[in-house]
Amino acid sequence: MAVQKPSIPKGTRDFSPLEVNRRQYIINTIKKQFVLFGFSPIETPSFENLSTLTGKYGEEGDRLIFKILNSGDYLGKVDEQLLADRNSQKVIPHISEKALRYDLTVPFARYVVQHQNEITFPFKRYQIQPVWRADRPQKGRFREFFQCDADVVGSDSLLQEVDFVQLYDSVFTELKTPVEIHINNRKILSGLAEVADISAQLIDFTVALDKLDKIGEEAVKEEMRGKGISETAIEILSPLFSMNGDYKSQFAQLKEILATSATGLKGIEELEFVFENTENIGLQSADLVLNLTLARGLDYYTGAIFEVKAKIGEFSSSIGGGGRYDDLTGIFGLKDISGVGISFGLDRTYLVLEENNLFPALEDSTNIQALFINFGQKEAAEAMKLVKQLRQQGINTEVYPDDAKMKKQMGYADKKGIKKVILLGDKEIQEQKATVKDMVTGEQTEVAFVDLVNAL
């Protein structure tokens with residue numbers, strides 16, 4: 001019988017040593033800036049109670065949560081009529097009590113409520129962990145992926161939004177990736193729905209509007225009509241589709257449209273603060289862009305909304321995003337705790353850096369700096385003594401495990417990208433000198449054992 005070839009689930013990936021090194025380069029760059037900006041790390045479990053996650057991401061998000069079957073005979077306690085009805089949505093609460101986390105924000109809100117007596121507010125945390133979504137895999141979209149989040153809870157100050165713009169700029173400047181930081185405000189969108197008399201259809205309106213750059217103006221209007229939004233409302237909202245100019249001129253136009261909406265005007269005021277303060281501080285390489293069609297579908301945003309896009313290469317998807325949420329912890333019983341947070345898309349950032357050859361020289365699939373050739377048991381034993389000394393000095397070293405042919409050992413060093421090969425035979429041991437071969441130039445030099453650290 002033929003052995004079935006092993007495989008992994010769709011939307012997941014294996015990572016080679018090179019890929020892991022590159023991912024760690026991105027993570028370490030982000031982590032360095034998180035710490036510089038005053039964020040502290042936390043970690044939460046990979047799975048949460050299903051009740052913690054459901055109802056927080058909208059109807060579409062709830063469908064994408066990976067549920068975990070209860071242990072044991074999970075069907076044993078389910079009413080037979082329920083099973084006979086074959087309605088999976090009604091059966092789920094009876095067979096699943098836990099789920100893989102969908103993002104890091106809702107678990108963070110749960111963490112804040114659960115640990116509120118141990119936390120000093122405002123609380124600034126960063127979290128770099130994997131999340132899971134039962135999404136349809138495609139380029140840049142996976143079912144298992146890492147999120148790199150930073151959030152502040154317990155402060156209403158708009159200086160936090162200004163600081164997050166600086167944080168995005170600092171990270172992507174260090175990654176040598178010029179980006180646009182798109183920003184909008186949920187209050188402006190609510191105000192627009194208010195003046196168009198479609199407040200009850202705010203979610204339908206924002207979900208359609210968010211697709212403008214993907215499907216175009218006419219398709220967005222058609223989707224709005226399909227959701228029952230009237231022609232009169234679409235006419236009132238139509239200036240949105242063609243508004244341009246710098247942020248000051250767009251705000252001037254917006255103020256006319258939103259003159260009767262206190263909520264909408266408040267949104268403009270908040271965004272003006274962010275733009276003016278960012279302009280005052282300056283940005284290194286990013287551009288801050290007012291994008292009035294930016295909606296981001298998640299239901300919990302109440303103020304600023306961020307989305308980051310690379311200005312280089314063909315990859316057009318978002319590589320970061322976030323926003324202000326006024327009462328996310330309220331869903332867990334802790335009222336009036338405002339927060340704002342952003343996320344970096346590790347996998348999508350990787351694709352941008354790879355596409356534009358922006359990774360530094362991480363091509364070596366090994367971090368070994370020197371390899372001792374194995375000439376036999378006696379020589380290998382002597383080499384191991386030197387390896388220990390070199391490792392104690394922070395030099396990554398190893399002895400080839402077998403006394404194989406020289407060609408095979410040299411081939412191993414070459415394939416692994418090891419820069420120095422050390423020859424230690426009888427003669428070298430007697431003279432207490434090693435022969436060090438540079439694998440790049442081919443040059444060989446004799447180095448006394450006591451000088452090996454400096455030589456490497």
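**Strand pairing, recorded binding-site positions and buried elements**

In the predicted model, Val421 has Lys437 of strand β15 as its bridge partner. This pair belongs to the antiparallel arrangement of strand β14 (residues 420–423) with strand β15 (residues 433–438), which extends over four bridges. Both strands are part of an open sheet of five strands, ordered β13-β12-β14-β15-β16, in which the pairing is mixed. The edges are occupied by β13 (397–399) and β16 (444–448); each has a single partner strand, so one side of each lacks a neighbour in the sheet. From one strand to the next, the twist averages 25 degrees. Two helices pack on this sheet. Helix α17 (residues 377–392) touches β12 (370–372) and β13, and its direction makes about 170 degrees with that of β13. Helix α18 (residues 406–415) touches β12, β13, β14 and β15, and its direction makes about 150 degrees with that of β14.

Within this sheet, Leu423 lies in strand β14. Its relative accessible area is 11%, and Leu423 is therefore buried, the cut-off being under 20%. The C-alpha atoms of Leu423 and Ile373 are 5.5 Å apart in space, although the two residues are separated by 50 positions in sequence. Beyond residues up to four places away in sequence, Leu423 touches Ile373, Phe375, Met406, Met410, Glu428, Ala434, Thr435 and Gln444.

A second open sheet consists of three strands in the order β2-β4-β3, with antiparallel pairing. Its edge strands are β2 (47–49) and β3 (67–68), each of which pairs on one side only. The antiparallel pairing of β3 with strand β4 (residues 98–100) comprises two bridges; Lys67 has Ala99 of β4 as its bridge partner.

Strand β10 (residues 320–325) is mostly covered, with six of its six residues buried. In a regular strand the side chains alternate between the two faces of the sheet. In β10, Gly320, Gly322 and Arg324 point one way, whereas Gly321, Gly323 and Tyr325 point the other way, and all are buried. Strand β10 pairs with β9 in the antiparallel sense over four bridges, and with strand β11 (residues 339–345), likewise in the antiparallel sense, over six bridges. Gly322 takes part in both pairings: Gly322 is the bridge partner of Phe306 and stands opposite Ile342 in β11.

The unreviewed UniProt entry places the feature "binding site" at Asp103, Leu104, Thr105, Arg133, Gln147, Asp151, Arg296, Tyr300 and Tyr301. From this set, Thr105 is included in the lining of the largest cavity. Gln147, another of the recorded positions, is found in strand β6 (residues 144–153) and is buried, with a relative accessible area of 10%. The side chain of Gln147 reaches the backbone nitrogen of Leu104 at 3.3 Å. Apart from residues up to four places away in sequence, Gln147 touches Asp103, Leu104, Gln127, Ile128, Gln129, Val131, Arg133, Ser343 and Phe344. Asp103, Leu104 and Arg133 among these contacts also appear in the recorded binding-site set.

Tyr300, also in the recorded set, is situated in the loop between β8 (287–290) and β9 (304–310). Its relative accessibility of 10% classes Tyr300 as buried. With residues up to four places away in sequence left out, Tyr300 touches Lys56, Tyr57, Asp103, Thr105, Val106, Arg324, Tyr325 and Leu328. Of these, Arg324 and Tyr325 point in opposite ways from β10, while Asp103 and Thr105 are among the recorded positions. Asp103 is thus a contact of both Gln147 and Tyr300.

Burial was also examined in two helical elements. Helix α8 (residues 186–195) is mostly covered, seven of its ten residues being buried: Arg186, Lys187, Ile188, Leu189, Gly191, Leu192 and Ala193. The N-terminal end of α8 is capped by Asn185, a side-chain oxygen of which lies 2.8 Å from the backbone nitrogen of Lys187. Following α8, Asp197 has a positive phi, near 60 degrees. In helix α1 (residues 17–36), which contains Thr29, this residue counts as buried at 4% relative accessibility. Aside from neighbours within four places in sequence, Thr29 is in contact with Val171, Glu174 and Leu175.

Definitions and conventions
Residues numbered from 1 in each chain as written. Predicted model: local features only at pLDDT ≥ 70, side-chain atom pairs only at ≥ 80, totals over all residues. Heavy atoms only, no water. UniProt positions renumbered as here; feature names shortened; annotations may be inferred. 1 Å grid on protein atoms, 1.4 Å probe; cavity = no way out; pocket = protein on both sides within 12 Å on 5 of 7 lines; lining within 4 Å. Buried < 20%, exposed > 50% of the residue type's maximum accessible area, 1.4 Å probe, protein only. Contact = heavy atoms within 4.5 Å. Polar contact = N/O pair within 3.5 Å; in protein donor to acceptor, adjacent residues only side chain to side chain. Pairing = 2+ DSSP bridges. Axes fitted to C-alpha atoms, helices over the stretch in contact; angles between N-to-C directions.
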